[in-house]
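Dear colleague,

Please find below the structure I am handing over to you, with its sequence. My notes on it follow directly after.

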Amino acid sequence: MDRNKILEALSTIRDPNTGRDLVNAGMIEDLKIEGNSINFTMALPSLNHPSKSELIFQSQGILQKLFPGVDVNVHVAAKAPTSSPPPNSQTSNIKNIIAVASGKGGVGKSTVSVNLALALKKQGLRVGLIDADLYGPSIPTMFGLQGKRPKVQDIDGQPKIVPLEAYGMPLISMGFIVEPEQAVVLRGPRLAGIIKQFFNEVIWPELDYIVVDLPPGTGDIQLTLVQTVPVTGAVIVTTPQEVAVADAIKAVNMFRLPNVDVPILGIVENMSWFTPAELPDNKYYIFGMGGGDHLAHQSESKLLGQVPLVQDIRESGDNGKPVVLDEKNPASMAFIKVAENTIKQVEERNANLEPTKIVQVQG
């Protein structure tokens, strides 16, 4: 059995999601030939990749046909494709940076950010979370970490921040630095400095994704983000209501400015319908219908999912136990679907678009 022949055979198999072959896409790792056995790891965007079984069976079949009687052992690992940040940057250990944005407040953007991050982690990926909503940080409450403070560690003579951790996920927030009731009064330059600190002065481990919960609107923090790090793509949160969609399109257009040019991964429609606990099969469209689809069409992207307005989501956020962690809760599945579709969009984005670059914005 020859290693090159094995890789040549595996290179004839293509991932149906991207059209790329397994070898050139970097999906074959740790290939070993031991006696009559071929062992390798198949690195997929998530452990629940829709074509996982198909790709495993194809790999085993083609190698057993090439080498009759051989044992083919395929191990599966979750490994996100990278959008190739600069190799010497502070974020070179973070493969993909996902900005979660909205045009206006009150649409549940932080709820989506928290549950999306944890849902990505449930796919077997390494995920972190940055609360960039400096004026109204809500991440400490949603993780039950009110009053907690990050530690500072000396690295090569430089003080670095150790992120706090919740449910096995590293995270940082302005809410870990100021008192819960303290008003944050900052001008543009100081806002920019804090965002840069969250990326460059925090000891982030190797991550497949980092989710950035942005404040509403299109201001200093959004511009600082795209000037500081290579943003893989943006997830836009809206409700079905026309007022929310009209504001959300402004957030879309900011990311699509020629000198910003951050891909829109998709739209999350939050509060799509109201379902009372005692009537789980009933749907009441109190904010209207179709807003998410309309925004997806306007932004030339996809609807990543619809999240219902249910009491459990609100209670779980207030109690520090995000609803996606409760596998028996129907609302959890809505966020899992959003995560699965986000992974697919990132995979397609990284396969078909140029590597992300830090944006150069003048003025």
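In this predicted model, R126 and D208 form a salt bridge, with 3.2 Å between the closest N and O atoms. The pair links distant parts of the chain, 82 residues apart: R126 lies in the loop between helix 3 (109-122) and strand 5 (127-131), and D208 in strand 10 (residues 207-213). R126 is partly exposed at 37% relative accessibility, whereas D208 is buried, with a relative accessible area of 1%.

The structure holds 9 salt bridges. Another of them joins R256 to E300, whose closest N and O atoms are 3.5 Å apart. Because R256 sits in the loop between helix 7 and strand 12 and E300 in the loop between helix 8 and strand 13 (303-309), this pair ties together parts that are 44 residues apart in sequence. R256 is partly exposed, with a relative accessible area of 34%, while E300 is exposed at 67%. Salt bridges with shared partners also join K95, R126 and D208 into one network.

As for the helices just named, the axes of helix 7 (residues 242-255) and helix 8 (residues 291-298) come within 10 Å and cross at roughly 30°. Angles under 35 degrees count as roughly parallel, so helix 7 is roughly parallel to helix 8. Their crossing is right-handed.

Finally, on the surface, F274, L279, Y284 and I286 make a nonpolar patch of about 350 Å². Of these residues, F274 belongs to strand 12 (residues 264-274) and is partly exposed, at 32% relative accessibility.

With kind regards

Notes. Residues are numbered from 1 along each chain as its sequence is written. This is a predicted model: local features need pLDDT of at least 70, side-chain atom pairs count only at pLDDT 80 or more; totals for chains, interfaces and linings use all residues. Side-chain values use heavy atoms; hydrogens and water are left out. Patches are made of residues with over 30% relative accessible area and no salt bridge: like charges are joined within 9 Å, nonpolar side chains (Val, Leu, Ile, Met, Phe, Trp, Tyr) within 5 Å. Accessible areas come from the Shrake-Rupley method with a 1.4 Å probe; for residues, only the protein chains shown count as cover. A salt bridge is a side-chain nitrogen of Lys or Arg within 4 Å of a carboxyl oxygen of Asp or Glu. Helices (H or I, at least four residues) and strands (E, at least two) are DSSP runs, numbered from the N terminus. Buried means under 20% relative accessible area, exposed over 50%, partly exposed in between (1.4 Å probe, protein chains only). Axes are lines fitted to C-alpha atoms, for helices over the stretch in contact, and angles run from 0 to 180 degrees between N-to-C directions. Angles under 35 degrees count as roughly parallel, over 145 as roughly antiparallel, 65 to 115 as roughly perpendicular and the rest as oblique. A crossing is left-handed if the near helix is turned anticlockwise from the far one by less than a right angle, and right-handed if clockwise.
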